[in-house]
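User: I'm new to this one and would like a walk through how it's put together. Could we take it step by step?

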Amino acid sequence: MTRSRRGAPGAGGTPATAALTAAGVAFTLREYDHDPRATSFGEEAAAALGEAPAKVFKTLLADLDGSLVVGVVPVTGQLDLKALARALGGRRAAMADPRAAERSTGYVVGGISPIGQRRRLPTALDASALEHGTVLVSGGRRGLDVELAPADLQRLTDAVVAPIARA
């Protein structure tokens with residue numbers, strides 16, 4: 001079952017939705033029943049919400065030269081770690097330990113949102129996001145996505161836009 005509703009004060013009850021509301025950003029909550037057996041959270045969201053996977057983006061954390069950074073890429077692709085390092089001005093990137101990602105963001109894996117993290121990390125958004133009128137990203141918990149304009153996502157995360165995904 002899926003549910004959609006327009007963002008309103010307190011909508012969804014996560015730090016991501018609170019940040020969106022505080023910033024006055026137009027967004028739509030997109031809820032679905034999360035299957036605890038799912039292993040690909042982004043693909044699960046796209047299928048459950050009836051959206052093209054290229055429009056649904058996943059939030060991945062990487063270690064770039066000893067510091068955590070964020071890459072936001074479509075669920076149809078993978079994060080290109082070399083491209084992420086170039087985009088954020090670093091030398092070497094590797095996927096972050098999931099526990100470190102959870103501690104840093106305040107979210108659980110599969111529900112990490114690029115918005116409303118405990119502390120803002122350097123972020124890169126895949127350039128393909130700009131091809132869509134709206135994109136979906138995690139709303140801060142499994143089973144909850146937010147749909148918003150890519151320009152708003154870029155502004156709220158202070159993201160560098162670059163081609164950081166590969167097929």
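User: Which strand is joined to S2 by four bridges, and do the two run parallel or antiparallel?

Analyst: Keep in mind that this is a predicted model. S2 covers residues 28–32, and its partner covers residues 144–148. One of the pairings puts Arg30 across from Asp145. The partner is S9, and the two strands run antiparallel.

User: How many of the five residues of S2 are buried?

Analyst: Let's take the strand face by face. Thr28, Arg30 and Tyr32 sit on one side and are buried, and Leu29 and Glu31 on the other side are buried too. That makes S2 mostly covered, with the count of buried residues at five of five.

User: Is Tyr32 buried or exposed, and what is its relative accessible area?

Analyst: Tyr32 belongs to strand S2. The cut-off for buried is under 20% relative accessible area. Tyr32 falls under that cut-off, so it counts as buried, with a relative accessible area of 5%.

User: How far apart are the C-alpha atoms of Tyr32 and Ala45?

Analyst: Along the chain, Tyr32 and Ala45 are 13 residues apart. In space, their C-alpha atoms are separated by 7.4 Å.

User: What other strand does S9 pair with, through five bridges?

Analyst: Look at residues 135–141, where six of the seven residues are buried, so this strand is largely enclosed by the rest of the structure. Its Val135 has Leu148 of S9 as bridge partner. The two strands run antiparallel, and the one you're after is S8.

User: Which residue in the hairpin of S8 and S9 takes a positive phi?

Analyst: There are two residues between the strands of this hairpin. The phi in question is near 90 degrees, and the residue that takes it is Gly143.

User: What is the order of the strands in the open sheet of five?

Analyst: Start from the edges: S6 (93–95) and S10 (160–162) each have a single partner strand, so one side of each is left without a neighbour in the sheet. The twist averages 35 degrees from one strand to the next. Pairing is mixed, and the order reads S6-S3-S4-S7-S10.

User: Which residue of S10 stands opposite Leu125?

Analyst: Strand S7 takes in residues 123–126 and is joined to S10 by three bridges. These two strands run parallel. Opposite Leu125, in S10, stands Val161.

User: Why are the buried residues of helix H4 on the same side, and how wide is their arc?

Analyst: H4 spans residues 98–105, and its buried residues are Ala100, Ala101, Ser104 and Thr105. Their cover includes strands S3 (57–64) and S4 (67–74), while Arg99 and Arg103 are exposed on the other side of H4. The buried ones are on the same side of H4 because they cover an arc of only 115 degrees.

User: What radius of gyration does the protein have?

Analyst: For scale, the C-alpha trace spans about 40 × 30 × 30 Å along its principal axes. A compact globule of 167 residues would have a radius of gyration near 15 Å. The protein agrees with that, at 14 Å.

User: What share of the residues is buried?

Analyst: The whole protein has five helices and 11 strands. Its accessible surface comes to about 7900 Å², and 51% of that belongs to carbon and sulfur atoms. Out of the 167 residues, the buried share is 49%.

Conventions:
Residues numbered from 1 in each chain as written. Predicted model: local features only at pLDDT ≥ 70, side-chain atom pairs only at ≥ 80, totals over all residues. Heavy atoms only, no water. Buried < 20%, exposed > 50% of the residue type's maximum accessible area, 1.4 Å probe, protein only. Pairing = 2+ DSSP bridges. Axes fitted to C-alpha atoms, helices over the stretch in contact; angles between N-to-C directions. Rg over C-alpha atoms; globule rule 2.2 N^0.38 Å. Areas by Shrake-Rupley, 256 points an atom, 1.4 Å probe, with all protein chains shown as cover. Arc of directions from axis to C-beta. Contact = heavy atoms within 4.5 Å.
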